[in-house]
Structure formats: C-alpha cells, structure tokens
Amino acid sequence: MFFFFFFVTAVILFGVLCLTAFMAFQVRHSNHSAKIKPRKEKASLCAVLGSGGHTTEMLELIKHFGEEFETRTYIIADTDTISEDKAKEHEKSRNNEKFVIERIPRAREVGQSYFTSIASTFHATVFAVKLIYNIRPDLVLLNGPGTCIPIALAAAFFDMIRLIDTVIIYEESICRVKKLSLSGGILYYLGMVDCLIVQWPGLKRKYPRATYIHDLETKTAVSSPDTSAADKKSI
C-alpha cells in the first residue's frame, strides 16, 4: 500500500513539474516579435530541410539571413537524397564553409498512416534530442516536413529545462492556403514555436495566433531607421 501511494504521489508531482515547466516556457515565448532577431552578435542557425518544395522554400528564406548566423546546421531525413546536394550548392554560392549537414530518421514517410507514424516519430525524436543537445542552436527554422516535429520537440524540451535558450520559428508553405499542414497544426495548437508565419490572410483569420507574413514585413520596415531622412535633417 505504501509503495502504491508513493508511486501515485511521484506521478502527480512529476506531472505538476512538467506542467509548470511548460507554462514557464509559454510565458517566456509569448512575445513572438521580440525573439525573431538573435540575442548574440554571432548566432547558430539550425534549419530542417524536407524533400520536394520544402527544401527550396527554406533555402530561399535562408538567403535573406545575414552573416550574424555564421554557423549553420542543416537537418535532413536519412532517406532524403536531394536536400543535401541543394544545401551544399546553396552554401557554396555564399562562399561559406561553416555549415554542417546532419541526418535523423524520417518521422513519417509519405502516405504512412498516422497510427504507425507515432512509433517512427518517437524514434526520430530520440535522435533529435541528442542532436539538438550537441548543436545548441540559437535559432531553429522549420517549414513543414514531418522531420521538423522531433526537432521542435527536442528544442522546446531543452528550453523548458533551461539548458538551451532557443528561438523556434515555423514558416508555413505558400501552398497552404486554407489550412495549416499537419506539422504546422501540431506546433500551433501545442504553442511550441515563438512565431508561426502564414502567407495568406485567410490563414491568419483562421489561426489568429499566427503571424501574417505581410504584417511581419511591415513591422520590420517601420522599425528600421530611415538613414537617408536622418542625413537630410542633419544637413
């Protein structure tokens, strides 16, 4: 009887601890816009690439990142035979040698049932935890492939226990017009990302906690100083 009582108490306390850590994570990451820029002069970037259009969209996004992200890590599924070549070609065009390509098991194959993908996602998450611990990224970029879920879970876990302070940003694919992808929906409803960007106003209305990309561009333009006007005023 004593051991049963001890077990139940331990389970309850563990649940309370996990809930408290998750709530603290939510509070720290509630101000999305303030966390988009890196908090260091030199920061590390971790991007998840997926087969097909996901890789193309992600690399187009990374083209706009400056030299403050001097170290970049690309994570791809172990069955992806295309994304690695695209990542290497992209970094070669930037004359950058500070990049690493890592592989993890695919969380969900195309056409795989949701039930069987639970086991494969767990398997991939085990690899992702070790990978994120070693990389310790300042910024994690995601945009849709199933591989991004284990990476997001691992990054959020280490942030919850305050071992790594990571910004997690998810940009939904431009082909998602009416509803979020499965990966986007999971991360949206779990509240595990600092900023979830959508590219259509209808998605913003349907998912109010998301950030419409046009509004993000407007905020960036407003926050940037008008140097030419300042120079004219000083003259």
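Let's start in the sheet. β2 and β3 run parallel, and six bridges join them. This is a predicted model, so keep that in mind throughout. One pair to find on screen: T73 stands opposite V100 in β3. Now follow the chain between those two strands. β2, helix α3 and β3 form a β-α-β unit, and that unit is right-handed. Helix α3 covers residues 83-93.

Next, the other partner of this region. Strand β1, residues 44-48, runs parallel to strand β2, residues 71-77. Five bridges hold that pairing in the count. Look at L45: its bridge partner in β2 is R72.

Now zoom out. What is the order of the seven strands in the open sheet? Reading across, it goes β3-β2-β1-β4-β5-β6-β7, and the pairing is parallel. Which strands stand at the edges? They are β3, residues 99-104, and β7, residues 211-212. Each has a single partner strand, so one side of each has no neighbour in the sheet.

Let's move to the β7 end, by way of β5 and β6. Strand β5, residues 167-171, runs parallel to β6. Three bridges join them. I169 is the residue to click on; it stands opposite C195 in β6. To get from β5 to β6, the chain passes through helix α6, residues 182-190. That β-α-β crossover is right-handed.

Stay on β6, residues 195-198. Are its faces covered or open? Both are covered. C195 and I197 are buried on one side. L196 and V198 are buried on the other.

One more step out. β6 pairs with β7 in the parallel sense, over two bridges. Here V198 stands opposite Y212 in β7. The link is helix α7, residues 201-206, and β6, α7 and β7 make a right-handed β-α-β unit.

Last topic: the record. The unreviewed UniProt entry lists "transmembrane region" for residues 6-27, 139-159 and 180-200. What does the model show over two of those stretches? Take residues 139-159. The chain there is 57% helix and 19% strand. The end C-alpha atoms of that stretch are 12 Å apart. Now residues 180-200. That stretch is 43% helix and 19% strand. Its end C-alpha atoms are 11 Å apart. So much for the percentages; put the record and the model side by side on screen.

Conventions: Residues are numbered from 1 along each chain as its sequence is written. This is a predicted model: local features need pLDDT of at least 70, side-chain atom pairs count only at pLDDT 80 or more; totals for chains, interfaces and linings use all residues. Side-chain values use heavy atoms; hydrogens and water are left out. Two strands pair if DSSP finds at least two bridges between them. Helices (H or I, at least four residues) and strands (E, at least two) are DSSP runs, numbered from the N terminus. UniProt positions are given in the numbering used here, feature names are shortened, and annotations may be inferred rather than shown by experiment. Buried means under 20% relative accessible area, exposed over 50%, partly exposed in between (1.4 Å probe, protein chains only). A crossover is right-handed if, with the strands pointing away from the viewer, the path from the first strand over the helix to the second runs clockwise.
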